[in-house]
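Reader: Could you walk me through a few of the terms used for this model?
Author: Gladly, ask away.

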Amino acid sequence: MATGRGRLLQLHWRGLQALRLPPGGVGAAPGPDGEAAGPAGFRKGPGARSAGRAVLKQCAWRGRRCDQPPKDQPVSLERMPSEILLKIFSYLDAVTLLCAGCVNRRFYHLANDNFIWFRIHTTAFSPKRCNWKVNSAEETVVSMNSLSVEDKEAGYWKKEYITKQRASVTAALAQVLQPVNPYTGLPVKTKEALRISGLCWVIILKAKNGQEYVMEHTDLSVHDSSVTIVWYSKNWPQLARLSALDLCGVTPVFMNRSKTPSRNGPRWHSLIAQYNLSNLTESTMIGWDSLIRIFCLHPGLLVGLWKREEELAFVMANLHFHHLVEKSTLGSATVPYELPPHTPLLDDHPEYGLHGYQLHVDMHSGRIFYLCGTFRNLFAKKGSIENGYVKLVVIRFKNNTEHLPLVGKVGLSWRTDVFDGCIKSCSIMDVTLLDEYGKPFWCFSSPVCMRPSGPSDGPNFLGQTYYVDYVDSGGKVHVELVWIKETEEYFIVSLVLYLRTAKINQWFGTAY
């Protein structure tokens, strides 16, 4: 009612102004018909009354038009005053507030308001009390914090809130990963940690002109000790325009274990590895078929190129479970996660060399396993050091009882939106080597290829001999296989690990 009366009075006052009363006020000048003005200042006579009504109608029409926004200037949040937007933002939760800050530059600065984030921070992390009475000391602390809100730079309490939320996520994941399997030395609940964290992986293709293309994985396979992630698309950027590829783990900034993680909210990127796409040369090619050629980039990345167009067909990343969750969640978008400094484990008998080691090795493609073997009580004498490596023999060539077959036809399966296939003699190898204390000493997951060599000179073998080699900063793996034509299967006749002495000395504090 008050608003309606005010509107009518405003229109009435506009009508009075339109009549243009004389400066002297009431009775200062006669009307047009020679009659004096009335006590209220209105002109008498039917002409004056009709003119007044017309002016009032015109003013009312102008008022209604003023209330309607112009068609070329629609009403939007961006045109609202900052005070009103801050009031609206104060009702948002943290996730929605972060999303609103991504709209434009103005919203970003408004969404960094310290008073809003201080309230969110206090609500989330203030101590919970079971009674209504508040301690005077707590009141003093809250009041002092409130007074210091203005003294902080913009976005301070936003950073504090996100930092504490990330710390709580890290603590929750660490608790899940705490139980360790005594046989593999790896966390028992790695798959559960991947599920509750909402972890996924993306590749960022970087063009030579600075442009970036972000792609989320299209396929995922979780194995006993590793995970295989695949990306394929019909709309890859041209390979000639690309210079590098970044592999990142992506998790929601705020984790809620009672809900399924959402991919639409703010997410945290953790850089895992960087690859130079100029290294896709003949030296890194490990296999091919009628449609594609595949290239292996360390660590554990497989790139498939179409033979005809020489363009990207798919990208496959193979990640070992050892520190997988930490590498995928605790790094930043530009800096990978660094493992905590290792405390050397003192070797009680360094003169005897390495002893009590355990190896678990898998060879697989997709969900098909060709080999799954565990070897215990491995040892290497101190005298077996040569060229900076310690030789650790797992399967001996001359001992037929140790030889193992590969189950099935070995090949690396691949697929895209249109085609699929299998590249013979290639597979994924997962290696987990535990030291004498049962701690993971050397772990990797990488594509490998069997290459032919000369005929075997060992006893009881008449078939073609093949070998598989792998090398990284931790050591080397050398596998020899023989193709048995009668049974149409491969047999591993030799498996040797070469461990770098520098890694052993750093691990145990020795001086080999």
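Reader: What follows helix H9, and what is the sign of its phi?
Author: Gly198 comes right after H9, and its phi is positive, near 70°. Helices are DSSP runs of H or I with at least four residues, strands are runs of E with at least two, and both are numbered from the N terminus. This is a predicted model, where local features need pLDDT of at least 70, side-chain atom pairs count only at pLDDT 80 or more, and totals for chains, interfaces and linings use all residues. Residues are numbered from 1 along each chain as its sequence is written, and side-chain values use heavy atoms, with hydrogens and water left out.

Reader: Which residues of H9 are called buried?
Author: Thr190, Ala193, Leu194, Ile196 and Ser197. Buried means under 20% relative accessible area (1.4 Å probe, protein chains only), so these five residues of H9 fall under that limit. Their cover includes helix H8, strand S1, strand S5 and helix H10.

Reader: What makes S5 and S6 a pair?
Author: Two strands pair if DSSP finds at least two bridges between them. S5 and S6 have nine, in the antiparallel sense, so they qualify. In one of these, Thr251 is partnered by Trp268 of S6.

Reader: Why do S2 and S6 count as edges?
Author: The open sheet runs S2-S1-S5-S6, with antiparallel pairing. S2 and S6 each have a single partner strand, so one side of each is left without a neighbour in the sheet.

Definitions and conventions:
Buried < 20%, exposed > 50% of the residue type's maximum accessible area, 1.4 Å probe, protein only. Contact = heavy atoms within 4.5 Å.
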